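Visitor: I would like to learn how labels get attached to parts of a model. Can we look at one together?
Guide: Gladly. Here it is.

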Amino acid sequence: MGKFIVFEGIDGAGKSTQVKLLGKWLSERGYEVVLTKEPTDTAFGKLIRRLVLTGGREGIIDGARISPEAEALLFAADRAEHVHKLIKPSLEAGKVVISDRYFYSSLAYQWARGLDLEWLIDLNRFALKPDLVILLDLPVEEGMKRINRRSLKTEFDKIIELQKKVRENYLKLAKRFPEIKTVNGLADVEAIHRDVVALVERELGIK
Ligand code: TYD
């Protein structure tokens, strides 16, 4: 069996940069690495982007056309496909899977949307447990600054109050789920990478 590593954090936390750096670090040590993300690039993920994230006419935030429950179900459907078609087969082939967001995003964000945490956990019961979840934690204002430099902004990205709740939720989740390890996301890219590598070495015995 391979290893399953997940990166989590608010928008602008620096997850995708750290995913790439860890992927490179592992490849250089001879591990077969699969880099992936949620929402995925499959038809489900694309549907979610169109309905939920891009803030177009079908967006949830101004139009309120999609209920929070429907949104949670779409993210869960995307995840089910992700687990069955990519994550499980890759782990069975002995690879290291690194995902930019997973189940914990649904807990942090959809809980912040007002849904019941226990319902969300039940809904995602199928989601294979990662070996290690790295939470990049930083103040929302810093995350926002980084996002504003990017061109594409999602509706979720723009809402600072939601992001604050999401950050608090992640920190609460870190107390409940022992696989979550928190890293200071305010440090510079190299320092964060060193912290990540230390966790991977310590928690997974990967050298
Ligand atoms: P993000 O990682 O920002 O994707 P990208 O950078 O490729 O646009 O994810 C998009 C948004 O989706 C982000 O604001 C978090 C949200 N999200 C949920 O609300 N629930 C979930 O289960 C997942 C996976 C993401």
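**Helix H4 and the ligand shell**

Guide: This is a predicted model. Helix H4, residues 68-92, has 25 residues and spans 34 Å from its first C-alpha to its last, close to the 36 Å expected at 1.5 Å a residue.

Visitor: What makes a kink in H4, and where is its centre?
Guide: A bend is the angle between axes fitted to the seven residues ending at a residue and the seven starting there. In H4 that angle is about 45°, centred on valine 83.

Visitor: Why are residues such as Leu74 and Phe75 of H4 called buried?
Guide: Buried means under 20% relative accessible area. Leu74 and Phe75 are buried, so they fall under that cut-off. Among the other buried residues of H4 are Arg79 and Val83.

Visitor: What follows H4?
Guide: Glycine 94, with a positive phi near 85°.

Visitor: Why does aspartate 11 count as a polar contact of the ligand?
Guide: The cut-off is 3.5 Å between N or O atoms. A polar side-chain atom of aspartate 11 lies 2.9 Å from a ligand oxygen, so the pair counts. Lysine 37 has a side-chain N or O atom 3.1 Å from a ligand oxygen. For arginine 49 the distance is 3.3 Å. The protein buries 89% of the 550 Å² that the ligand exposes when taken alone.

Visitor: Which helix gives the largest share of the shell around the ligand?
Guide: H5, with four residues. H2, H4 and H5 each supply at least two.

Visitor: How many residues of each class are in that shell?
Guide: Five nonpolar, three polar and six charged.

How values were computed
Residues are numbered from 1 along each chain as its sequence is written. This is a predicted model: local features need pLDDT of at least 70, side-chain atom pairs count only at pLDDT 80 or more; totals for chains, interfaces and linings use all residues. Side-chain values use heavy atoms; hydrogens and water are left out. The expected span of a helix is 1.5 Å times one less than its number of residues. Buried means under 20% relative accessible area, exposed over 50%, partly exposed in between (1.4 Å probe, protein chains only). A polar contact is a pair of N or O atoms within 3.5 Å; within protein, one must be able to donate a hydrogen and the other to accept it, and residues adjacent in sequence count only if both atoms are side-chain atoms. Accessible areas come from the Shrake-Rupley method with a 1.4 Å probe; for residues, only the protein chains shown count as cover. Ala, Val, Leu, Ile, Met, Phe, Trp, Tyr, Cys and Pro count as nonpolar, Asp, Glu, Lys and Arg as charged, and the others, Gly among them, as polar.
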